[in-house]
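Subject: Structure handover

Hello,

Here is the structure for you to look at. My notes on what was found in it follow below.

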Amino acid sequence: MYAKVIVEITAKAVDKMFTYQIPSNMISKIKIGSRVKVPFGYQKLEGFVIEITNQLEEDYELKKIEELVDETPILNEEMLYLGNLIADKILCSRISIYQAMLPKALKASNKTNIHKKMNNYLILDWSKDDLSNYLKICRYEGQKKVLENFLEKKELLITRQDSSIKTILKKGICHLETRESYRYHYETDKIDKKVILNEEQQKAVSKVLSSLNQEKIFLLYGVTGAGKTEVYMNIIKGVIEQGKTAIMLVPEISLTPQIVERFILRFGQDVAILHSGLSDGEKYDEYRKIKNGEVHIVVGARSAVFAPLKNIGIIIIDEEHSSTYKQDNHPRYHARDVAILRGKYHHAPIVLGSATPSLESMARAQKKVYELLTLTKRAGNGQLPKVYITNMKEEVKKGHFIFSELLFKKIEEKLAKKEQIILLLNRRGYSSVSSCGDCGEVIKCPNCDISLTYHKTSNMLRCHYCGYAKVKVEECPKCHSHNMKDFGIGTQKLEEELHRYFKEARIVRMDMDTTSKKGTHQKIIDDFGKEKYDILVGTQMIAKGLDFPKVSLVGVMNADASLNIPDFRSSERTFQLLCQVSGRAGRGEISGEVVIQTYNNNHYSIILAKEQNYLAFYQEEMKIRKQLNYSPYYYIILIRISTKDYELSFQEAKKVGDYLRKNLNPNTYILGPAMANIFRVDNVYYQQCIIKYKKDEELKKVLLNLDAHYKGNSKVSLEIDIDPSRL
Ligand code: ADP
Ligand code: ZN
Ligand code: ZN
C-alpha cells in the first residue's frame, strides 16, 4: 500500500503530493487525513495523507512512512475537500490551508508540547450510611479530612495520592478514575436576560428557520442595538432543536467578550469558544470538544469557520463587513467565502449580519443574490444617539487642540451626572511624531519609511511596523539642538490630558499597550462595566461589540485618521467606524450623545454617519465606485512585489506590470506598478500592481505563471492577494 502525502515545508510552499510506502504494521492504522512523519531529503517532516492507493503510476523505489503521529485522522473528508477548493480559489498551497484549519497542537511539524490534560478523581463506592458509620470510628485525621468531602459529593478531584488516600482506596471505600479535563472555563455570576422578540426580529428568525437545508444566503441589516444578536441566538436555538449544529463568527472575538458571555449564558456547556485570547492548550481542548461532537455551537473569530462540526445547520457571521474576516497573511482566505463553501457542502443557509454591511454584500442583496432581512429600529427602549460634528479647523484657531469646546463641555456634564464616557483615538503611544523644533528633522525608523511614536511610560520611541525601539532622543541628530518636540496625540497623552483637566475622573486606557497580557482586556471591560471607571480611552479596539448601559457619551477624537488612508475603502471604513462607535452610546435607559471631531466636516461619510443613514451612504459610495471602476463593480487583485534591493524592486515591478499588460484581456485595468503606501518596512521594499477585472479568461493562467516564476526566485517575492481588504 502507498500513501500520497503533502508535507509542511517551511521554505516556499510546495503544492505537491509525495508518495510513500506504508509499512505493513501501519496499514490498518493509516487513514486518509492522518498526520504522518516522513523522510524528505535529509530531513524528517510531517504532513497529511491525502490519498491511499495500492497502485503506483511508475515503478520505483519508495521511502517508507516513518511514523503515524496520532491515533485518529486529523483532517476529515470535508476539510480535505474544502482545502482543495480554497487553494484553487486563492492560489495558495493546500498544506498552508490545512494548517490554517487546525489549532497549533494539531498542525504538521508543530513545536508546541501540548497534551491532553488528565485529572484524577476519587469516586465513592460505599453508601452514605456506611461512610458515616466509618467516620465515627475512624481515628486517622488525614483519612477523615478526605472522606468528609464525600458527605457532600460523590466524586472528588485530587491532585496527589498521599498515604491516607492509598489506604482509603485499599479499603474499597472509593476507586480512582482518570479523566480528560478541558482547560477553558468561563465564570460568570450573571443571569440570562429573557427577551421577547419584536415583530421584525421574529420575522427574520422564521425566514431563516424556514430555509434550513437550503443553500441560501441572508443579509441581516439592522442598526446597532436593533437586536441582531438576539436574532442569531434564536436562529441557533431552532437549529439545535433539529439536532444540527451552528457556527457563530464574530470579529476578533477577544474584542467582544460580552458576546461570549451572552452565548454561554444562553446555551451553557453546549458552546465551544475559539479565540485569540485563549492559550494554545485551551484552544486545543475547545477544538477537541468540537471534534468529539460534545458541543453543538461554536462561537469564534475568523478561523472558527473551519471548526470541525458535523451536520452544520447554520453559519452566522456577525459584523460581516469587518476586515478581520480576511486573513492578511498567507493563506489569504476570507471567512465569508469559506462559510459559503461549507454552506453548500452541508446544504445550510448562511446569515451575514451588520449595521453597516459591506458594499459588496448589500449590492448582492439588491440584486437578490442574497435575501435581505431588515431590522429598522432599536430593540427595547434604546434610542439612537444624537450626534454632533465639531469642525477642528475652527477649534484649533481658538486654541482647542485636543478637545473641542463641545466635547469638553459634554465630558464635564456627563461626569457631573455620574454617567460613563468612551473616547476613541486611533493611535496608541504618546505622540505620533518626534521632531526638532529648530531644523524640523523628524525621527524616523531606520528600517521603515515611518516616523517613530513616542511612548512616555517607557520613555521609548517605537516603530509600530517593525518593532524597532530606542530611548527617546533629546538631541537633534541633524543640528544637535536640544529642542525636540512632540506632535500629534496618542492614547497615552489623551489619558494624561484628561487627568489634567478632570482631576476627579477615574480613567482607564485600552490599547495594544495595556492589553498585551492575557486577561487584561477582559478585566478592563469588566471593571468599566462595573462602573469602576468614568472614562474609557482607547483605540479601534473599543469600537466594536461593547454594550454598556451607562455610557451616554462617545467622543471620536480624530475622525480623519481613517479617512486619510489612501485606499478605495477609506470612506466606507470611516463610515462603518463612526456608526459603530456611535452605537456604543445610549444602549440602556439613558439617551446617548456622540461628538465627532474632524477637519473634514463636509465629507459625506462623516455627515451620513452623523445621520446613521446607511442607505444614503451606500448609494453615494456606489456611484463613486462605479466611476472609478472599483469593487463591487470590478473584482480587485493586488500583486505585491517585495525585495531587499531598492533598484531591483523597480525593475521587477516593471517586468510584472509589462507581463500583465501584455497577457491580460484589454478590458482589464492594470494600475501600476507603483510604490506601496509604505514603501519600505523592515528594510524590505514593496511595489504593487492592482488588477481590476470583470471577466478575464486569461487571468488564472497569468497569475499561476507569475506565482510559479517567483517561487524559484530567492531575491524577489511576489504575493497575490485576491479581493484584498487593504491596498
Ligand atoms: P445588536 O446585536 O443588533 O447590536 P443586540 O442583540 O445586542 O443588538 O441588542 C441590543 C440590546 O437590546 C441588548 O441589550 C438586548 O438584550 C436588547 N434586546 C434585543 N432584542 C430585544 C427585544 N425584543 N426586547 C427587549 N430588548 C431586546
Ligand atoms: Zn534639528
Ligand atoms: Zn520600523
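The zinc ion (ligand 2) has four cysteines as its protein donors: Cys 436, Cys 439, Cys 476 and Cys 479, each through SG. The distances from these donors to the ion run from 2.3 to 2.4 Å. Please keep in mind that this is a predicted model. Along the chain, the donors of ligand 2 are spaced as C-x2-C-x36-C-x2-C. The site is tetrahedral, with angles of 103 to 112 degrees among the 4 donor atoms. For reference, the ideal angle for four tetrahedral donors is 109.5 degrees.

Two of these donors fall into separate burial classes. Cys 436 has a relative accessible area of 4%, so Cys 436 is buried, the cut-off for that class being under 20%. Cys 439 is at 34% relative accessibility and therefore counts as partly exposed, since that class covers what lies between 20% and 50%.

The second zinc ion is ligand 3. Its coordinating atoms are the SG atoms of Cys 445, Cys 448, Cys 463 and Cys 466, at 2.2 to 2.4 Å. The donor spacing for ligand 3 reads C-x2-C-x14-C-x2-C. With 4 donor atoms and angles of 104 to 115 degrees among them, the site of ligand 3 is tetrahedral. As for burial, Cys 445 has a relative accessible area of 3% and is therefore buried. Cys 448, at 1% relative accessibility, counts as buried too.

That leaves ligand 1. There are 19 residues around ligand 1, and those that come nearest are Ile 196, Gln 201, Lys 228, Thr 229 and Arg 262. By type, the shell around ligand 1 is made up of 6 nonpolar, 7 polar and 6 charged residues. Helix H7, which spans residues 228–241, supplies the largest share of that shell, with 3 residues.

Three polar contacts to oxygen atoms of ligand 1 may be of use to you when you set up the site:

- Lys 193: an N or O atom in the side chain is 2.8 Å from an oxygen atom of ligand 1.
- Lys 228: a polar backbone atom is 2.8 Å from an oxygen atom of ligand 1.
- Arg 262: an N or O atom in the side chain is 2.7 Å from an oxygen atom of ligand 1.

On its own, ligand 1 exposes 560 Å², and the protein buries 83% of that area.

Regards

Notes. Residues are numbered from 1 along each chain as its sequence is written. Chains are lettered from A and ligands numbered from 1 in the order in which they are written. This is a predicted model: local features need pLDDT of at least 70, side-chain atom pairs count only at pLDDT 80 or more; totals for chains, interfaces and linings use all residues. Side-chain values use heavy atoms; hydrogens and water are left out. A residue is near a molecule or strand if one of its heavy atoms lies within 4 Å of it. A polar contact is a pair of N or O atoms within 3.5 Å; within protein, one must be able to donate a hydrogen and the other to accept it, and residues adjacent in sequence count only if both atoms are side-chain atoms. Accessible areas come from the Shrake-Rupley method with a 1.4 Å probe; for residues, only the protein chains shown count as cover. Helices (H or I, at least four residues) and strands (E, at least two) are DSSP runs, numbered from the N terminus. Ala, Val, Leu, Ile, Met, Phe, Trp, Tyr, Cys and Pro count as nonpolar, Asp, Glu, Lys and Arg as charged, and the others, Gly among them, as polar. Donors are N, O and S atoms within 2.8 Å of the metal (3.2 Å for Na, K and Ca); water is not among the atoms, so sites may look incomplete. Four donors count as tetrahedral if all angles lie between 85 and 135 degrees; four count as square planar and six as octahedral if opposite donors are over 155 degrees apart and all others between 65 and 115; anything else is irregular. Buried means under 20% relative accessible area, exposed over 50%, partly exposed in between (1.4 Å probe, protein chains only).
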